[in-house]
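Here's a quick tour of a model you may want open in your viewer. Let's start on the inside and work outwards.

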Amino acid sequence: MHKLTYLSLGSNIGDRAANLNAAIRKLGELGEVLVVSSFYETEPVGPVPQSWFLNCAVKMITAKMPRQFLRAILGLERRMGRRRTQDKGPRTIDIDILLFGESVIETRELTIPHPAMHERRFVLEPLAEIAPEVRHPVFKRTVLEMLSTLSARQVVRRQPSVAGRQSSGKPSD
């Protein structure tokens with residue numbers, strides 16, 4: 001059985017666009033990438049001083065179960081050089097599972113829907129581009145409705161020239 005899932009990707013080390021495009025290609029090993037949002041340059045959130053991020057949202061289907069999918073994503077991040085040395089620190093790639101079908105999961109290792117997605121403009125703005133009417137399974141609000149409640153404090157700028165947006169599953173290079 002295949003599940004529709006939405007992911008948030010981010011990078012703020014090295015060639016951020018190349019990192020996102022490489023991650024999108026590798027996600028194809030875990031299922032079928034259906035749609036990728038534009039890339040957005042976003043201000044870092046949290047106490048750690050660091051470079052700005054490039055973020056996007058991905059819609060894909062996978063035959064993996066949620067925990068298997070998480071393990072595969074963590075392995076993909078490691079293969080791309082992700083080292084978890086500092087909480088909320090800089091990273092070559094960060095992939096978060098936002099939604100996994102209608103699943104609501106809360107374990108020590110995995111929480112779906114992502115517990116902070118409704119508070120993060122850098123997550124909701126790219127997601128609203130590709131899935132504005134998708135409903136949060138707990139809050140019962142659409143992505144667009146959640147986005148409309150956020151203040152514009154965090155800077156999120158759509159990047160017209162480095163977008164990976166497509167529907168073929170193959171990111172632009």
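## The nonpolar core

Which residues have the most contacts inside the largest nonpolar core? They are Leu7, Leu9, Leu27, Val58 and Ile97, in a core of 29 residues. Keep in mind that this is a predicted model. The elements that each supply two or more residues to this core are strand E1, helix H1 (16–27), strand E2 (32–36), strand E4 (53–62), helix H2 (66–79) and strand E5. H1 provides the largest share, with 6 residues. As a general point, nonpolar side chains tend to be buried together in soluble globular proteins.

Take leucine 9 if you want to see how this part is put together. Leaving aside residues up to four places away in sequence, leucine 9 touches Leu20, Ala23, Ile24, Leu27, Leu54, Asn55, Cys56, Val58, Asp94 and Ile95. There's also a second, separate core of 17 residues, and Ala128, Ile130, Ala131 and Val143 are among them.

## Strand E5 and its partner

Is strand E5 mostly covered or mostly open? It's mostly covered: E5 spans residues 94–100, and 7 of its 7 residues are buried. Strand E1 (residues 3–11) pairs with E5 in the antiparallel sense, over 6 bridges. One spot to look at is glycine 10, whose bridge partner in E5 is aspartate 94.

Aspartate 94 has a charged partner too. Its side chain meets that of arginine 91 in a salt bridge, at 3.3 Å from N to O. Both arginine 91 and aspartate 94 are buried.

## Methionine 60

Over in strand E4 you'll find methionine 60. Its relative accessible area is 0%, so it counts as buried. What does methionine 60 touch, not counting residues up to four places away in sequence? The list runs Lys3, Leu4, Thr5, Leu7, Leu27, Leu30, Gly31, Glu32, Val33, Leu34 and Phe69. For a sense of distance, the C-alpha atoms of methionine 60 and lysine 26 are separated by 12 Å, with their positions 34 residues apart along the chain.

## Salt bridges

How many salt bridges does the count come to? The count is 8. In one of them, glutamate 41 joins arginine 157, and the closest N and O atoms are 3.0 Å apart. Glutamate 41 sits in strand E3 (residues 39–42) and arginine 157 in strand E8 (residues 156–159), so this pair ties together parts 116 residues apart in sequence. Glutamate 41 is buried at 15% relative accessible area, while arginine 157 is partly exposed at 39%. A network of salt bridges links Arg16, Glu41 and Arg157.

Another bridge brings together the side chains of arginine 67 and glutamate 109, at 3.5 Å from N to O. That pair also links distant parts of the chain: arginine 67 belongs to helix H2, and glutamate 109 to the loop between strand E6 (105–106) and strand E7 (111–112), 42 residues apart. Arginine 67 is partly exposed at 38% relative accessible area, and glutamate 109 is partly exposed at 42%.

## The largest pocket

About 990 Å³ of space lies in the largest pocket. It's lined by 39 residues, and those closest to its centre are Lys88, Asp94, Asp96, His114 and Arg120. E1, E4, H2, E5 and helix H3 (121–130) are the elements that give two or more residues to the lining. E5 gives the most, with 4 residues.

Why is H3 described as largely enclosed by the rest of the structure? Because 9 of its 10 residues are buried. Those buried residues are Arg121, Phe122, Val123, Leu124, Pro126, Leu127, Ala128, Glu129 and Ile130.

## Backbone oddities

Two loop spots are worth a look. A cis peptide bond, with omega about 0°, joins isoleucine 112 and proline 113. Proline 113 is in the loop between E7 and H3.

The other spot is lysine 140, which isn't a glycine yet has a positive phi of about 60°. You'll find lysine 140 in the loop between H3 and helix H4 (143–148). Its relative accessibility is 56%, so it counts as exposed.

Notes: Residues numbered from 1 in each chain as written. Predicted model: local features only at pLDDT ≥ 70, side-chain atom pairs only at ≥ 80, totals over all residues. Heavy atoms only, no water. Buried < 20%, exposed > 50% of the residue type's maximum accessible area, 1.4 Å probe, protein only. Pairing = 2+ DSSP bridges. Core = buried A, V, L, I, M, F, W, Y, C linked by side-chain atoms within 4.5 Å. Contact = heavy atoms within 4.5 Å. Salt bridge = Lys/Arg side-chain N within 4 Å of Asp/Glu carboxyl O. 1 Å grid on protein atoms, 1.4 Å probe; cavity = no way out; pocket = protein on both sides within 12 Å on 5 of 7 lines; lining within 4 Å. Points joined across faces, edges and corners; volume = space filled by probe spheres on them.
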